[in-house]
Amino acid sequence: MFEVSADFLGEDGTPVATQAVLRAVFAGIRAKLVIGDVRAEFASTAALRAQLRVNDINAALAPVGNKLPERTDFDMDLGGRSHLSADSVVVVQLRNCSECTCTWRAVLPRDSAWSEAGGAREDSLSLFATTNTSSSSSVHPGGVADGDEGDGGDNDDDAGSEEADDMFDVKPRSGSLLPGATCTVTLRYKHERVGYHVAPLLFKQDLTPTVLRLRLRGQTLPTGSPALVVRPTAVWDMGRVAIGMREAPQQFLCLHNPGDVDAAFRVDVAALDDMTESNFGCSIFTCSAPEGVVCPGQSVHLPWRFQPIEAREY
């Protein structure tokens, strides 16, 4: 803030009064981008937002109170498919939620602007080796996904991962958005080699000090290998259900087959039977379709019911 004032002079030229004629107040604003929407053929929008950690990334891109974000490193899982199948494509919508024009750029290690954006070749290797924040839905051929929705901890998939930024692409890699404007960015993963693949990606907004260090992740399965991905992964919170309901609400667990052959599944109900026995013969968790087959590239939704008999956590 500053003021401009005028002095009124007497006949002898000395100031006799002062009058403020202008008071200027300036408020600094920060360019803020957020991910407004994500779309892909292989997952629903809700599942994809969790898989790409959209909420966490948005918290870093547009922190509350213009503070520096607590975390700037995140995994973005582009899923898995069979060897030489069609590319996995994710379309991300960026939206400028600030009151000023926002210029952004995304940089891969093979780009000449990698060092200018705040990275070095050794940084890509360090980022590849030390980031353990995966929400990956990677699958083991012939088995079920072992995802991780946590904020940290060791990621077992990293040990066998290959850094392969040539198998990933981002287009466009830069842009400028007016206030309220949007644009789409396409993330592409090519299934050219079998294995787990990772590519570091730097994302920078101009006029902000924050550089997001992202890891694009993907998996290519051997041809002819059945596999399943469970969504949601790791921990499924079935929410709160009222005691004494005649019929509890039905909830669904999604099984997706990213492979090129049928994948059979069967739910192991032994633990559910033990829980029923320890709760006076009352079924707490029930799956009405405990076995079946998922066709290549398709998903099935297993119907579950949670029927508590006590006000506690099961």
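# A walk from strand 18 to the largest cavity

Select Q250 to begin: on the opposite side, in strand 18, stands R305. This is a predicted model, in which local features need pLDDT of at least 70 and side-chain atom pairs count only at pLDDT 80 or more, while totals for chains, interfaces and linings use all residues. Residues are numbered from 1 along each chain as its sequence is written, and side-chain values use heavy atoms, with hydrogens and water left out.

**The sheet around Q250**

Next, select residues 250-256, which make up strand 14, together with residues 299-306, which make up strand 18; the two run antiparallel and are paired over seven bridges. Strands here are DSSP runs of E with at least two residues, helices are runs of H or I with at least four, and both are numbered from the N terminus; two strands pair if DSSP finds at least two bridges between them. Widen the selection and you will find an open sheet of four strands, antiparallel in its pairing and ordered 13-14-18-16. At its edges lie strand 13 (229-231) and strand 16 (285-287), each of which pairs on one side only.

**Salt bridges, starting from R305**

Return to R305 and add E247 to the selection, since these two form a salt bridge whose closest N and O atoms are 3.9 Å apart. R305 lies in strand 18 and E247 in the loop between strand 13 and strand 14, so this pair ties together parts of the chain that are 58 residues apart in sequence. A salt bridge here means a side-chain nitrogen of Lys or Arg within 4 Å of a carboxyl oxygen of Asp or Glu, and by this rule the structure has 13 of them.

Are the two partners buried or exposed? R305 is partly exposed, at 24% relative accessibility, whereas E247, at 55%, counts as exposed (buried is under 20% relative accessible area, exposed is over 50%, and partly exposed is in between, with a 1.4 Å probe and protein chains only).

Move on to D169 and R110, whose side chains meet in a salt bridge of 3.4 Å from N to O. This pair links distant parts of the chain, 59 residues apart: D169 sits in strand 8 (residues 168-171), and R110 in the loop between strand 6 (102-107) and helix 3 (121-130). D169 is buried, at 13% relative accessibility, while R110 is partly exposed, at 40%. Now add D111, D165, K171 and R173, and you will see the network of salt bridges that links them with R110 and D169.

One further salt bridge to select joins R53 and D56, with 2.9 Å between the closest N and O atoms. R53 is buried, at 5% relative accessible area, and D56 is partly exposed, at 30%.

**The largest cavity**

For the last stop, which residues lie closest to the centre of the largest cavity? Select M76, V92, L94, F203 and L214, the closest of the 15 residues that line it. The space in this cavity is about 170 Å³, and the structure holds three cavities of 30 Å³ or more. A cavity is a set of points on a 1 Å grid where a 1.4 Å probe fits but cannot get out, and lining residues have an atom within 4 Å of a point.

Colour helix 2 (54-61), strand 5 (88-96), strand 10 (182-189), strand 11 (195-205) and strand 12 (211-221), each of which supplies at least two residues of this lining. Finish on strand 12, which gives the most to the lining, with three residues.

Terms used:
1 Å grid on protein atoms, 1.4 Å probe; cavity = no way out; pocket = protein on both sides within 12 Å on 5 of 7 lines; lining within 4 Å. Points joined across faces, edges and corners; volume = space filled by probe spheres on them.
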